[in-house]
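Colleague: I should be grateful for a close look at one part of this predicted model, namely its disulfides. Please set out how the cysteines are paired and where they lie, in terms that a first-year student can follow.

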Amino acid sequence: MKISISLSILLAATSMVMARPVTESTPTIVKRASAADWKSRSIYQILTDRFARGDGSTDNCGSLSNYCGGNYQGVISQLDYITGMGFDALWISPIPANSDGGYHGYWATDFYGLNENFGSEDDLKALISAAHERDMYVMLDVVANHAGPTSGGYDGYTFGDGDYHSQCSINYDNQNSIEQCWVADELPDIDTENDSIVAKLNDILANWITSYGFDGIRIDTVKHVRKDFWPAYQKAGGVFATGEVYHGDQAYVGPYQDVLDSLLNFPLYYAISDTFKSGGTFSRLSNQLAANRNSFTDTSVLTNFVDNHDVVRFLNANSDISQFKNALAFVLLAEGIPVMYYGSEQGFSGGADPANREVLWTTGFSTDSDLYKFVATVNGDIRQKSGKSVYMDLHVEDNVYAFIHGNALVVLNNYGSGASNQVTVNVGAQIDDNTALTDAISGTEATVSGGSLTFTLTDGLPAIFVASA
């Protein structure tokens with residue numbers, strides 16, 4: 001079917017390579033949001049402790065290995081900073097009371113209590129209400145696999161002495177060991193084979209969702225719990241769930257979508273890194289997309305990312321801003337639900353944990369930084385306003401990759417900063433000849449002729465073509 005872009009790029013429904021079209025009308029905020037509700041969203045991930053302080057102070061943190069002072073009131077004060085980039089969903093840290101030093105939230109002790117370092121129950125409810133007033137979903141990070149480390153017993157813990165698997169070191173070549181031994185040799189592994197413990201975990205999650213009004217959950221350490229635990233846990237939450245299976249092999253990660261709505265797309269993360277950060281070709285990216293389609297039940301609801309709190313930031317390994325912008329443009333506009341890690345818009349370049357968990361407030365929450373403006377254009381102006389249907393693999397060569405997002409033609413490259421190569425993209429019958437297009441990033445103008453588009457790169461930047469005014 002020929003596609004005309006006289007006013008917009010219309011897409012044919014091709015189930016193998018296109019995300020299912022999503023209505024462009026603004027969805028109604030509901031407490032129990034489904035995968036379908038989340039498909040049109042873009043997520044901004046924060047560490048609650050590192051994003052913003054409620055008192056507005058901006059001095060640096062003395063130690064990134066402990067609490068730095070970020071809290072719910074601070075997040076409320078900077079919600080407009082987030083929405084200014086076009087994000088309409090927010091992923092926050094786990095909320096329970098934690099062991100000493102659990103600034104990240106993953107070391108729960110009392111699952112019924114709140115981490116008071118982040119604020120009160122009223123503060124948390126105020127954050128979710130303020131987000132909902134801005135038509136933002138809120139995603140809660142949750143942990144069911146383990147509790148926080150202890151050296152003196154389990155006084156004050158929800159789960160006591162007999163509620164954990166016996167301590168053992170994980171053998172990552174043995175799935176039973178992965179599921180029953182202790183992460184990092186120190187995180188007590190909750191006995192998720194015990195029916196009464198399972199019921200308690202399910203009730204805790206249901207209470208979080210109903211008490212505070214979360215719209216979705218991100219589940220930590222999914223591969224460390226038996227697969228058949230997860231359907232009932234997800235059902236107890238009653239909201240969209242994306243799970244962390246930290247593994248690069250789609251054949252290993254894919255089957256977990258049989259028990260959860262969605263997974264963090266680690267297989268694609270490694271392909272993105274290889275292609276944009278490490279000098280690989282776009283065949284690596286294209287091949288991974290194809291492998292994912294063969295391994296997952298629905299790639300359109302996988303959560304895609306360039307960086308997160310568990311990996312070295314892109315700009316630490318490769319300081320090329322143009323390469324980083326190409327990677328961000330891919331995640332924000334490709335098939336799937338995009339997640340951007342806080343600080344990406346300010347060029348953060350931290351190394352391994354905890355260096356990749358910087359405080360954001362020292363930037364002054366600048367909306368004038370080059371990367372902030374770039375994200376606002378790509379996510380706010382293109383993704384949020386151009387329709388959500390996606391056609392991948394339109395054009396693939398070693399250093400150039402093109403796909404269609406809504407009414408935009410996205411042309412990526414990995415030549416790097418300074419590149420001014422002439423690029424020709426074959427659009428075939430997807431775009432009418434004589435269609436005049438303008439790159440939303442550089443302002444470059446080009447016209448489709450003979451089923452192709454030829455233009456010159458600007459500083460190795462991605463090009464996102466929309467209909468010329």
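Modeller: The account below takes the disulfides in turn and then adds short notes on a lysine and on a pocket.

The structure is a predicted model, and every value given here is computed from it. The count of disulfides comes to 2. When the bonded cysteines of the protein chain are numbered in sequence order, the pairing reads 1-2, 3-4.

One disulfide links Cys61 with Cys68, and the distance from S to S is 2.0 Å. The angle about the S-S bond is -80°, and this link between Cys61 and Cys68 is left-handed. As for their surroundings, both Cys61 and Cys68 are buried.

The other pair is Cys168 and Cys181, whose sulfur atoms stand 2.0 Å apart in a disulfide. Here the angle about the S-S bond is -105°, and the link of Cys168 and Cys181 is again left-handed. Cys168 belongs to the loop between strand E3 (137-142) and helix H6 (175-180), while Cys181 belongs to the loop between H6 and helix H7 (195-212); the pair therefore ties together parts that are 13 residues apart in sequence. The accessibility of each partner can be stated as well. Cys168 has 24% relative accessibility, so this residue counts as partly exposed. Cys181 has 7% relative accessibility and therefore counts as buried. The cut-off behind these two labels is that a buried residue has under 20% relative accessible area.

A note on a buried lysine follows. Lys325 sits in helix H13, which covers residues 321-333. Its relative accessibility is 6%, and Lys325 therefore counts as buried. The side chain of Lys325 makes a polar contact of 2.6 Å with the side chain of Asp370. If neighbours within four places in sequence are set aside, the residues in contact with Lys325 are Asp370, Leu371, Phe374, Leu461 and Pro462. Asp370 thus appears both as a polar partner of Lys325 and in the list of its contacts.

The last note concerns the largest pocket, which holds about 480 Å³ of space. Its lining consists of 24 residues, and those nearest the centre of the pocket are Val183, Leu187, Asp310, Asp353 and Arg357. Sorted by character, the lining of the largest pocket has 10 nonpolar, 7 polar and 7 charged residues.

Technical notes. Residues are numbered from 1 along each chain as its sequence is written. This is a predicted model: local features need pLDDT of at least 70, side-chain atom pairs count only at pLDDT 80 or more; totals for chains, interfaces and linings use all residues. Side-chain values use heavy atoms; hydrogens and water are left out. Helices (H or I, at least four residues) and strands (E, at least two) are DSSP runs, numbered from the N terminus. Buried means under 20% relative accessible area, exposed over 50%, partly exposed in between (1.4 Å probe, protein chains only). A polar contact is a pair of N or O atoms within 3.5 Å; within protein, one must be able to donate a hydrogen and the other to accept it, and residues adjacent in sequence count only if both atoms are side-chain atoms. Contact means heavy atoms within 4.5 Å. On a 1 Å grid over the protein atoms alone, a cavity is a set of points where a 1.4 Å probe fits but cannot get out, and a pocket is an open set with protein on both sides within 12 Å along at least five of seven lines; lining residues have an atom within 4 Å of a point. Grid points are joined across faces, edges and corners, and a volume is the space filled by probe spheres set on the points. Ala, Val, Leu, Ile, Met, Phe, Trp, Tyr, Cys and Pro count as nonpolar, Asp, Glu, Lys and Arg as charged, and the others, Gly among them, as polar. A disulfide is a pair of cysteine sulfur atoms within 2.5 Å.
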